[in-house]
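Subject: Structure for you to look at

Hello,

Here is the structure I said I would pass on. My notes on it follow below.

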Amino acid sequence: MTKEKDPHSNSDNPHDMGHDYDGIREDNHPAPTWWWTFFIISIIFGFFYFLHYSLMDGETLKHRLARDMDQIESLRAKDAKAEPSEADLTALVASPAALKAGRETFAGKCVSCHGDLGQGGIGPNLTDNYWIHGAGTVTDIYHVVTQGVLEKGMPAWGAVLPPDEVKRVVAYVKSIHGSNPPNPKPPQGTEIHD
Amino acid sequence: MSTSTGVINTEKFDHKYDDEIVKYFLMATIIWAGVALLLGIYAALELANYKFNLGLQWLTFGRIRPLHTNAAIFAFGGNGIFAGIYHSSQRLLKTRLFSDKLSWFHFWGWQLIILAAAITLPLGLTQGKEYHELEWPINIAVAIVWIAFGINLLQTIRRRKEPHIYVALWFYIATFVTIALLYVVNSIEIPVSWFNSYPVYAGVQDALVQWWYGHNAVAFFLTTPFLGLMYYYIPKAVNKPVYSYRLSVVHFWSLVFIYIWAGPHHLLNTALPEWAQTLGVIFSVMLWIPSWGGMINGLMTLRGSWDKVKTDPILKFLATGTIFYGMSTFEGPLLSLKSVNEVAHYSDWIIAHVHGGALGWNGFILFGMVYYLVPRLWKTELYNKSLAETHFWLGTIGIVIYIVSMWTAGIAQSMMLNAVDATGHLVYPDFVQTVVRIVPLYYVRSLGGLMYFVGYLLMVYNVVKTIKGAPVALAASAKREEANPVLKLDTQALVQESISEGPHRVLEGFPMVMTVLAVAAVLVGTMIELIPMITSTNAQSEEFAAFKVKPLTSLQLAGRDIYVREGCYLCHSQMIRTTVGDVLRYGPASETADSMYDHPFQWGSKRTGPDLARVGGKYPDLWHVRHLLNPRDIVPQSIMPTYSWLLEQKLDLGTIERRFSVLKMLGVPYSDEDVKNAAENAKKDSIAIAEDLVKQGGPQGLENKEITALVAYLQSLGKQTEKR
């Protein structure tokens, strides 16, 4: 295509093209071999990549996602033991370690709606004797926390938090019942005494 | 040699160049560089601590970031390339610029546009499309001034006293034509009022057009013109021949042809149809080697002269800039692989990547050019070489600190966000848990930026001192020649003379043909990607047949306009990708249908906060009100600014009917009734939300306030689409 040397050039430089633009001269070294090699490899890669993903049966992103999510589901299934019994949860209420962990989760996830002491805010007071969903047993609380009350803005934490963390936060919520924090939200729901 | 062609005798030509315009563009470059850098440091500090916006709506990150990017790209970068193009073209073509009037129109027009951007962006007047924020009257002004520049350039080329044009000019030509095309196509919008408009494209179409534009603005505004500058200033400064002419030819055309296809790599793993994503991947990979062709030609021109690079700050800046170019163009293809992109996209890794390019490549090439030009234009010596040396080291270390801190932040945060434990749950279910870990790095990044800025200040001082020390009785700039006719070439002789050096040499004698070929090269990828998307992905297509999508109510739309005004998309995406991390955290992957009525799309490009694609219904209205009033009341460690003014400002419904009718015209299924009652309905809905907030124990008197609209919009996200 191009040749090494211009016949009119009087330069000693064998690569000189004889071009001169404002004093800038141009050599004509060949491009490095590795440069061409990688260029050709990248074009071949592109060709086969396109062939594989767009014209042949390369795995689509949605298929890959479905496969990955199946894996997640099987991890979750393996972990999801039978629903905790009233006794399991009650035992946690008596465990200082569980309550400490539960308080941390509560501080991170729950205080924005239920107040830092569970006194209520956007969401209901968790410390009084009034319950909206269920009768305030640990199992009732567990159901509300895992399944949420979506129409009222209570998220279903079962999909977000690992099962053990849910149990501990449920235990913590049960433990603050009757703690009479300052500035409580007025009662909502039905009054239930233990 | 051109003189040997017998076509023209360049030696005898008495050229008088217009260097006055070059000086003006150069000064503008220096001034706007300071503004862009200061805005960058300020924006960085705002992310480190939300209090830096002083509670003022005009200074929130969402409004400052567009100003920073526009100032860096179009004010600093733009003026810089204009200075370099006008200076080098006159010398490479051995002729004065075509028209002094056009040059000055170009200069003042560009500065006025920058001024308009500096006023409108903090006011929240924005289109909500990255690097294309400016509203429609300014779009028109940009197009006019850009075309004035193009005419000036092409007409100067026609008046050249050299038969052939040098590689730098090929790049300048490609810059002009492609930016004109990109800008006009991405600017097709319908005005609602003087400073409000909706793009004709919606959702996935808008996303593809926008990133075709956005990616190629990087290609043809921050790459091709800078390669042209590199091809002029490196051989001039080192006084050595350019390494390889044939490499210039191959890498120029491959770059121009391939670059334009790579836009979809900004939309990997999203709802963009997969064929387009795949094209984005492969053309990004193929782009690596052509880019390195430019780097090789720049660096190999310096071979055997590294002793000069050691002592000359001009060469230091130019050589290091070229190395940063090589680094960015290797990182780019790497980031375009879907698996790497899953980690890097929406994270600070991308911020590191663009700053390697902007500070290292664009900044350093322009600083090198400033140190080259100032002594020559003012006919004196540089005031202090060791100050320039210090500038170089401060800049280099600043960039390294910046890049390394943002690499670390980006990778660390993405790993945390995507981490899944043995029970199949997210290890860090709260987004903010990952934010607190990287906030210290936001301070480190600010420090890197600050060092770069201090280096810049040394340059300003050096330039001022140099100019002050210049000879006082400097001759007035050269006067315009009486006649500057278009070059009359003996085309036959030219072809005969050139053909022995190959067909490309002939082409270099016919710049207008080259211009047409460059347009053709960029049109191939453009048409193959954009046309199927724009024609097939509309409301009538099968793609959407599986879904029923409700358009927004008038109050929700008013809220969406506030969302755009506040620049929420700069920190929050609305796109749940087809990745496990995204789906576990935010819900089912986004469908193209979800944003089918979104003019403009708001998929975002960075998650400083969580994705909002399915935030609707997740929290009660009062949660959002309290969160916007003070995010820390809800999320104690949040770094989001407060948006208290939304609770005070009255909702502007003055143009809501017009907004509805524009969207109706663009294909959003509103009835005439909807349009007519838009304001009435919005008011009714606003009152209902305000009353409900009071019932929930929230503040009184929010009816007809902006907050109700924004809450209504947030509650609609993810709720509009139903599977049929």
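How far apart do the C-alpha centres of domain 1 and domain 2 of chain B lie? They lie 35 Å apart. Please keep in mind throughout that this is a predicted model.

Domains of chain B

The domain assignment of chain B gives residues 7-520 as domain 1 and residues 547-723 as domain 2. Between these two domains of chain B there is contact, made by 65 residues of domain 1 and 55 residues of domain 2.

The second largest pocket

Both domains of chain B also take part in the second largest pocket, each giving at least three residues to its lining. This pocket holds about 460 Å³ of space. It is lined by 22 residues, and Leu125(B), Asn196(B), Asp561(B), Arg565(B) and Arg659(B) are the closest to its centre. Two elements of chain B give two or more residues to that lining, strand E2 (196-199) and helix H19. The largest share comes from H19(B), with 5 residues. Sorted by class, the lining of this pocket has 9 nonpolar, 7 polar and 6 charged residues.

The second largest cavity

Searching the whole structure turns up 6 cavities of 30 Å³ or more. The second largest of them has about 340 Å³ of space. Its lining is made of 30 residues, and those nearest the centre are Gln574(B), Asp594(B), Ser595(B), Asp598(B) and Leu717(B). Helix H19 (554-565) and helix H26 (706-716) of chain B are the elements that give two or more residues to this lining. H19(B) is thus named for the cavity as well as for the pocket. By class, the cavity lining has 15 nonpolar, 8 polar and 7 charged residues.

Two buried residues in chain B

Leu153(B) sits in helix H4 of chain B, which runs over residues 136-158. Is Leu153(B) buried or exposed? Leu153(B) counts as buried because its relative accessibility is 2%, and the cut-off for buried is under 20%. Leaving out residues up to four places away in sequence, Leu153(B) touches Ile85(B), Ser89(B), Leu169(B), Tyr172(B) and Ile173(B). Leu153(B) and Ser671(B), which are 518 residues apart in sequence, have 50 Å between their C-alpha atoms.

Phe226(B) belongs to helix H7 of chain B, residues 224-238. Its relative accessible area is 0%, so Phe226(B) is buried. Which residues does Phe226(B) touch, not counting those up to four places away in sequence? They are Gly77(B), Ile81(B), Phe221(B), Trp361(B), Asn362(B), Ile365(B) and Leu366(B). Ile85(B), one of the residues that Leu153(B) touches, is 141 residues from Phe226(B) along the chain, with 9.4 Å between the two C-alpha atoms.

Backbone points in chain B

Most residues other than glycine have a negative phi, and most peptide bonds are trans. The places below depart from that.

- Lys379(B) has a positive phi near 50°. Lys379(B) lies in the loop between helix H13 (348-377) and helix H14 (385-418) of chain B, and is exposed, with a relative accessible area of 58%.
- Asn704(B) also has a positive phi, near 65°. Its place is in the loop between helix H25 (678-695) and H26 of chain B. Asn704(B) counts as partly exposed, at 22% relative accessibility.
- The peptide bond from His599(B) to Pro600(B) is cis, with omega near -5°. Pro600(B) is found in the loop between helix H20 (580-586) and helix H21 (621-629) of chain B.

Helix H6 of chain A

In chain A, helix H6 covers residues 138-147, and its buried residues are Val138(A), Thr139(A), Ile141(A), Tyr142(A), Val145(A) and Thr146(A). Why are these residues on the same side of H6(A)? They are because they cover an arc of only 155° around the axis. An α-helix has 3.6 residues a turn, so residues three or four places apart point the same way. The buried residues of H6(A) pack against helix H3 (86-93), strand E3 (130-131) and helix H7 (163-175) of chain A. Just after H6(A) comes Gly148(A), with a positive phi of about 75°.

Regards

Note on methods:
Residues numbered from 1 in each chain as written. Chains lettered and ligands numbered in written order. Predicted model: local features only at pLDDT ≥ 70, side-chain atom pairs only at ≥ 80, totals over all residues. Heavy atoms only, no water. Buried < 20%, exposed > 50% of the residue type's maximum accessible area, 1.4 Å probe, protein only. Helix = DSSP H or I, 4+ residues; strand = E, 2+ residues; numbered from the N terminus. Arc of directions from axis to C-beta. Contact = heavy atoms within 4.5 Å. 1 Å grid on protein atoms, 1.4 Å probe; cavity = no way out; pocket = protein on both sides within 12 Å on 5 of 7 lines; lining within 4 Å. Points joined across faces, edges and corners; volume = space filled by probe spheres on them. Nonpolar A, V, L, I, M, F, W, Y, C, P; charged D, E, K, R; others polar. Domains from an automatic or database assignment.
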